[in-house]
Number of protein chains: 2
Amino acid sequence: MAPWGKRLAGVRGVLLDISGVLYDSGAGGGTAIAGSVEAVARLKRSRLKVRFCTNESQKSRAELVGQLQRLGFDISEQEVTAPAPAACQILKEQGLRPYLLIHDGVRSEFDQIDTSNPNCVVIADAGESFSYQNMNNAFQVLMELEKPVLISLGKGRYYKETSGLMLDVGPYMKALEYACGIKAEVVGKPSPEFFKSALQAIGVEAHQEGQSPPVVLAAPCSGNWALLWTAPCESSSRDSTADRRRPRACSCGAVVSLGCLDSAPALTFTAGTTWARPSDEHHPEVKADGYVDNLAEAVDLLLQHADK
Amino acid sequence: MAPWGKRLAGVRGVLLDISGVLYDSGAGGGTAIAGSVEAVARLKRSRLKVRFCTNESQKSRAELVGQLQRLGFDISEQEVTAPAPAACQILKEQGLRPYLLIHDGVRSEFDQIDTSNPNCVVIADAGESFSYQNMNNAFQVLMELEKPVLISLGKGRYYKETSGLMLDVGPYMKALEYACGIKAEVVGKPSPEFFKSALQAIGVEAHQEGQSPPVVLAAPCSGNWALLWTAPCESSSRDSTADRRRPRACSCGAVVSLGCLDSAPALTFTAGTTWARPSDEHHPEVKADGYVDNLAEAVDLLLQHADK
């Protein structure tokens, strides 16, 4: 494996996930992960562009940012790429009126959206609102449609709260997919469009062959992987063997790791702090380029080798 | 297509599904499907062996049978093959102590089962008990286990109540499979073992090549297909093209239809009364051998051609 200096040279930007990287959510607003407040501050003082890129969909960006500020983070609403605003844009562009299967905390993000006479379903990490009644309502809306549209804010399997592991939106998305025989459109990580819009916001071009790539640091959907990688790659095909040496769609978890690790300038950290279970370290598909214990250590490496 | 007489000659037994074939469940005990009470009576007066084969998992067999008797059906508890007793047998044989994610109505079937310190999860059509809290409890039990065991009573997508379509256990099974990265063991239809035990109970041998097959009549897992077919076939492979001409595992829905329709003596009815949606008639995988409007019409054909 190439030394860090070679792998990190030319990095221009960093996408930071929030949950599991900056803090662990939980009762009373959650707790900051040791060293992360200062790590963010150091990144922002460097020449590296920084953007926060989250699949958080239990609360609005305003509420999330307020919470992080109270934990000591230097972060503003304008620096956050989140799936709810991206979904609203799709709904408006396509004239869709959603049945919202979401947490009350994020409902304000949809204030400008017409929800009368629904012709699609938007599903997010609804927590306790994932009642049988609400799931069945969403199911019945979809079954009434000739071409059912299901938009999912992320597809994470679970996340870690201070009190333990919690089911994320992904399992419920899969439940509706199976019930209706459909495929959801995922907004948020690991959608390439989502990462691209985050990169656009900081004026960093997606990786192109032969050029130094930007760095993406994120804890993917399930909350149990923190990946730091050079992305996004460009192809969108998933797993044909012939295609494995070409760069892939920008995404998190399995796909980006398989893809980007095959391409020369790829880089993947796995931050130890976000392990949900020790066995996740031996994930069958995700192979890290290197391991760090937390964001602070990743930022140490970045500033040492990339900030020149 | 061969005439009914040829296709039904030699039939020795009939497995009848209950929901969507005998009655539609719903408020106040549901309603009998027109003609089904008399159709069951006529079948039982014939030389054909009859067994009821259901994935019902919201109520105990005793409660289900009581309800059907009140609707006028000639049926006893001893004539019903249901997944809960089959699951109890597996739990006992394998020393498993389940966390039960089930409907209160079926809990009495598990009275003899040790549920302390769970080392597996049993999931059934829990209805309103599919709360986020209960799903998360099941998820946490599974994630604590080195080798998570999830037993699902059926895998139906949805069923029809008099008030509309309702999510069945299948979507919730898929949710836990995805969350934990595991595969559930399905007890009940479409498991071949389940059909075989039903055939054993009426002393009818599974179909063997070159012999006349027994007839199986059932509405598969999702409740929106009623199939009458010659089964069970024997191979368990699912969908390799090379294998399509050989008989398949006995199951319902897509697998048995693909398989058994390719084998010479196959027979599939689709009973019109159980359509959940008109579009289901054009299911991509399930091709019926013939169509009937209801059980009464299927029994007419059976008695005319098979009861000789």
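User: Why is A:Lys44 called partly exposed?

Analyst: In this predicted model, A:Lys44 has a relative accessible area of 26%; the label of buried needs a value under 20% and that of exposed a value over 50%, so A:Lys44 falls in between and is called partly exposed.

User: How do you know that the side chains of A:Lys44 and A:Glu79 meet in a salt bridge?

Analyst: Their N to O distance is 2.7 Å, and the rule asks for a side-chain nitrogen of Lys or Arg within 4 Å of a carboxyl oxygen of Asp or Glu, so the pair of A:Lys44 and A:Glu79 satisfies it. A:Lys44 lies in helix α2 of chain A, whereas A:Glu79 lies in the loop between α3 (61-70) and β5 (80-81) of that chain, so the pair ties together parts that are 35 residues apart in sequence.

User: Is A:Glu79 buried or exposed, and what makes it so?

Analyst: A:Glu79 has a relative accessible area of 18%, and because buried means under 20%, A:Glu79 is counted as buried.

User: What makes A:Asp300 and A:Arg42 a salt bridge, and which parts of chain A does the pair tie together?

Analyst: The side chains of A:Asp300 and A:Arg42 come to 2.6 Å, N to O, which is within the 4 Å that the rule allows, so the pair is called a salt bridge. A:Asp300 belongs to helix α9 (residues 295-305) and A:Arg42 to helix α2 (residues 36-45), both of chain A, so the parts that are joined are 258 residues apart in sequence. A:Asp300, at 36% relative accessibility, counts as partly exposed, and A:Arg42, at 23%, also counts as partly exposed.

User: Why is A:Asp104 called exposed, and what is A:Arg107 called?

Analyst: A:Asp104 has a relative accessible area of 55%, and because exposed means over 50%, A:Asp104 is called exposed. A:Arg107 has 35%, which lies between the two cut-offs of 20% and 50%, so A:Arg107 is called partly exposed. These two residues form a salt bridge whose closest N and O atoms are 3.2 Å apart. Elsewhere, salt bridges that share partners join A:Lys44, A:Asp74 and A:Glu79 into one network, and over all chains the count comes to 16 salt bridges.

User: How many salt bridges does the rule find across the interface of chain B and chain A?

Analyst: The rule finds zero salt bridges across that interface, although 12 residue pairs, both members at pLDDT 80 or more, are in polar contact between chain B and chain A.

User: How do you know which part of chain B gives the most to the side that touches chain A?

Analyst: Four elements of chain B each supply at least two residues of that side, namely α5 (132-144), β9 (158-161), β10 (164-167) and α6 (169-180), and α6(B) gives the most, with eight residues. By class, the side of chain B that touches chain A has 17 nonpolar, nine polar and five charged residues. In the interface as a whole, 31 residues of chain B are in contact with 31 residues of chain A, and the two chains bury about 2,800 Å² between them, 62% of it on carbon and sulfur atoms. In chain B, the residues that lose the most area to chain A are B:Tyr132, B:Leu167 and B:Tyr178, together 30% of what that side buries.

User: What makes α6(B) mostly covered?

Analyst: Of the 12 residues of α6(B), 10 are buried, among them B:Tyr172, B:Met173, B:Leu176 and B:Cys180. From its first C-alpha to its last, α6(B) reaches 17 Å, close to the 16 Å expected at 1.5 Å a residue. B:Gly181, whose phi is positive, near 65°, follows α6(B).

User: What is notable about the phi of A:Asn117, and is this residue buried or exposed?

Analyst: Most residues other than glycine have a negative phi. A:Asn117 is not a glycine, yet has a positive phi of about 45°. A:Asn117 sits in the loop between β6 (98-101) and β7 (120-123) of chain A, and its relative accessible area of 60% is over the 50% cut-off, so A:Asn117 counts as exposed.

User: Why is B:Asn55 called buried?

Analyst: B:Asn55 has 14% relative accessibility, and because buried means under 20%, B:Asn55 counts as buried. B:Asn55 is found in the loop between β4 (49-53) and α3 (61-70) of chain B. Leaving aside residues up to four places away in sequence, B:Asn55 touches B:Pro83, B:Gly154, B:Lys155, B:Gly188, B:Lys189 and B:Phe194.

Conventions:
Residues numbered from 1 in each chain as written. Chains lettered and ligands numbered in written order. Predicted model: local features only at pLDDT ≥ 70, side-chain atom pairs only at ≥ 80, totals over all residues. Heavy atoms only, no water. Contact = heavy atoms within 4.5 Å. Buried area = accessible area lost by both parts, 1.4 Å probe. Polar contact = N/O pair within 3.5 Å; in protein donor to acceptor, adjacent residues only side chain to side chain. Nonpolar A, V, L, I, M, F, W, Y, C, P; charged D, E, K, R; others polar. Expected span 1.5 Å × (residues − 1). Buried < 20%, exposed > 50% of the residue type's maximum accessible area, 1.4 Å probe, protein only.
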